[in-house]
Amino acid sequence: MVNTKMNLCGIEIDNPVMPASGTFGFGYEFAELYDINVLGSFSFKGTTLEPRFGNPTPRIAECTNGLINSVGLQNPGVTDVIGQELPKLAKCFNKPVMANISGFAIDEYVEVCKQLDKCDQVGWLEVNVSCPNVHNGGMAFGTDPKAAAAVVAAVKKEVTKPVIVKLSPNVRDIVAIAKACEEAGADGITLINTMLGMRINLKTGKPVIANKMGGFSGPAIFPIALRMVYQVYEAVNIPIVGCGGVSTAEDVIEMIMAGATAVQVGAANLVNPYACRDIINDLPAAMEKYGINSLEEIIGGAH
Ligand code: SIN
């Protein structure tokens with residue numbers, strides 16, 4: 001019997017597999033398809049202080065081995081997330097959930113984090129400084145070590161739950177940003193959000209996406225995500241949540257060997273809503289195939 005348990009920032013999870021933010025709604029939508037308690041956890045849709053309608057459509061462009069999204073942080077705002085969404089989730093999920101938080105100013109990050117920090121259902125605060133689809137926020141904080149650290153430090157002063165900062169791959173030196181976040185007090189790091197990309201519609205001669213560009217995700221970015229997890233693992237002493245193009249149990253094992261303690265699955269949920277359940281089912285056999293008894297023992301094993 002293999003052991004898939006992990007400990008992410010002091011919270012034990014049955015397995016490392018968790019749907020990534022923005023690909024699993026607030027969870028209860030998927031509970032209509034399967035028992036979502038099989039998940040290690042999941043990260044819910046990026047939440048801001050005020051409700052957001054998001055970007056104009058089209059917001060999605062299909063690509064070879066992935067897709068581009070420019071959703072623009074559509075969400076009902078933190079008051080409704082706490083008052084409406086989390087109570088619905090409580091009816092079908094009995095594990096700690098990861099709250100994904102976005103903002104346009106440091107004060108906004110702090111306020112949303114403070115409110116979600118008080119929710120019993122929330123295990124971790126995933127501070128997203130990496131959304132490529134909004135102006136003056138999101139990725140603007142995550143592409144500069146000082147700005148990312150300033151968000152982390154401000155949030156950490158006001159909350160009690162572990163703060164995991166989600167970083168952008170659209171940077172020159174991911175290690176410098178990760179180290180700045182660790183020094184500012186981050187309890188963990190999620191790597192990576194989407195890569196800025198675009199498509200052009202040959203019939204119209206114009207960008208497919210109304211916002212012109214968006215975040216590219218899917219299996220094509222897996223090697224980039226893996227490389228960044230590997231590099232950052234060598235530089236920091238806090239846990240890493242690997243994310244980017246993961247679609248099989250083997251990908252999960254690779255991410256853990258690179259240095260991840262938990263592994264998020266994103267675009268795969270949009271192709272197959274059962275993707276996370278299937279990966280979790282496949283994980284023990286994949287571990288046995290490679291002679292792995294315990295996932296915890298292979299964290300960073302490739303170094
Ligand atoms: C979005 O809502 O635009 C995606 C969120 C993200 O990439 O962080």
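This report describes two sheets, a pair of packed helices and one loop residue in a predicted model.

## The seven-stranded sheet

In this predicted model, seven strands form an open sheet with parallel pairing, and their order is S3-S15-S14-S9-S8-S7-S6. The edge strands are S3 and strand S6 (97-101), each of which pairs on one side only, and from one strand to the next the twist averages 30°. Helix H6 (residues 174-183) packs on this sheet, where H6 touches strand S8 (163-167) and S9, and the direction of H6 makes about 160° with that of S8.

## Strand S14 and its two partners

Within the order of the sheet, S14 stands between S15 and S9. In a regular strand the side chains alternate between the two faces of the sheet. In strand S14 (residues 240-243), Ile240 and Gly242 point one way while Val241 and Cys243 point the other way, and all of these residues are buried.

With strand S9 (residues 188-191), S14 pairs in the parallel sense over three bridges, and in this pairing Ile189 stands opposite Ile240 of S14. With strand S15 (residues 260-265), S14 likewise pairs in the parallel sense, here over four bridges; Gly242 stands opposite Val263 in S15, and Cys243 stands opposite Gln264 in S15. From S14 the chain crosses through helix H8 (residues 249-258) to S15, and the β-α-β crossover made in this way is right-handed.

## Helix H8 and its surroundings

The crossover helix H8 is mostly covered, with seven of its 10 residues buried. The buried residues are Ala249, Asp251, Val252, Ile253, Met255, Ile256 and Ala258, a list that includes the charged residue Asp251. These buried residues pack against strand S1 (6-8), strand S3 (17-19), H7, S14, S15 and helix H10 (275-289), so that the partners of H8 include both of the strands that the crossover joins. After H8 comes Gly259, whose phi is positive, near 140°.

## The contact of H7 with H8

Two packed helices are described by the angle between their axes and the distance between the axes. For helix H7 (residues 222-235) and H8, the packing angle is about 25° and the axes are 8 Å apart. Because angles under 35 degrees count as roughly parallel, H7 is described as roughly parallel to H8.

On the H7 side, the residues that take part are Phe222, Ala225, Leu226, Val229, Tyr230 and Tyr233, and these meet Asp251, Glu254, Met255 and Ala258 in H8. By class, the contact of H7 with H8 has eight nonpolar, no polar and two charged residues. Asp251, Met255 and Ala258 of H8 also belong to the buried residues of that helix. An α-helix has 3.6 residues a turn, so residues three or four places apart point the same way.

## The four-stranded sheet

A further open sheet is built from four strands in the order S4-S5-S13-S10, with antiparallel pairing. Strand S4 (60-63) and strand S10 (195-197) stand at its edges and have a single partner strand each, so one side of each of these strands is left without a neighbour in the sheet. From one strand to the next the twist averages 35°.

Strand S13 (residues 214-217) has S5 and S10 beside it in the strand order. S10 and S13 pair in the antiparallel sense over three bridges; Met195 has Phe216 of S13 as its bridge partner, and Leu196 has Gly215 of S13. Three bridges also join strand S5 (residues 66-69) to S13, and these two strands run antiparallel, with Ser217 of S13 as the bridge partner of Leu67.

## Leu33 in its loop

Leu33 is found in the loop between helix H1 (28-31) and S4, the latter being an edge strand of the four-stranded sheet. With a relative accessibility of 38%, Leu33 counts as partly exposed, because that class lies between the limits of 20% for buried and 50% for exposed residues.

Leaving aside its neighbours within four places in sequence, Leu33 is in contact with Pro273 and Tyr274. Leu33 and Leu295 are 262 residues apart in sequence, and their C-alpha atoms are 27 Å apart in space.

Technical notes. Residues are numbered from 1 along each chain as its sequence is written. This is a predicted model: local features need pLDDT of at least 70, side-chain atom pairs count only at pLDDT 80 or more; totals for chains, interfaces and linings use all residues. Side-chain values use heavy atoms; hydrogens and water are left out. Buried means under 20% relative accessible area, exposed over 50%, partly exposed in between (1.4 Å probe, protein chains only). Two strands pair if DSSP finds at least two bridges between them. A crossover is right-handed if, with the strands pointing away from the viewer, the path from the first strand over the helix to the second runs clockwise. Axes are lines fitted to C-alpha atoms, for helices over the stretch in contact, and angles run from 0 to 180 degrees between N-to-C directions. Angles under 35 degrees count as roughly parallel, over 145 as roughly antiparallel, 65 to 115 as roughly perpendicular and the rest as oblique. Contact means heavy atoms within 4.5 Å.
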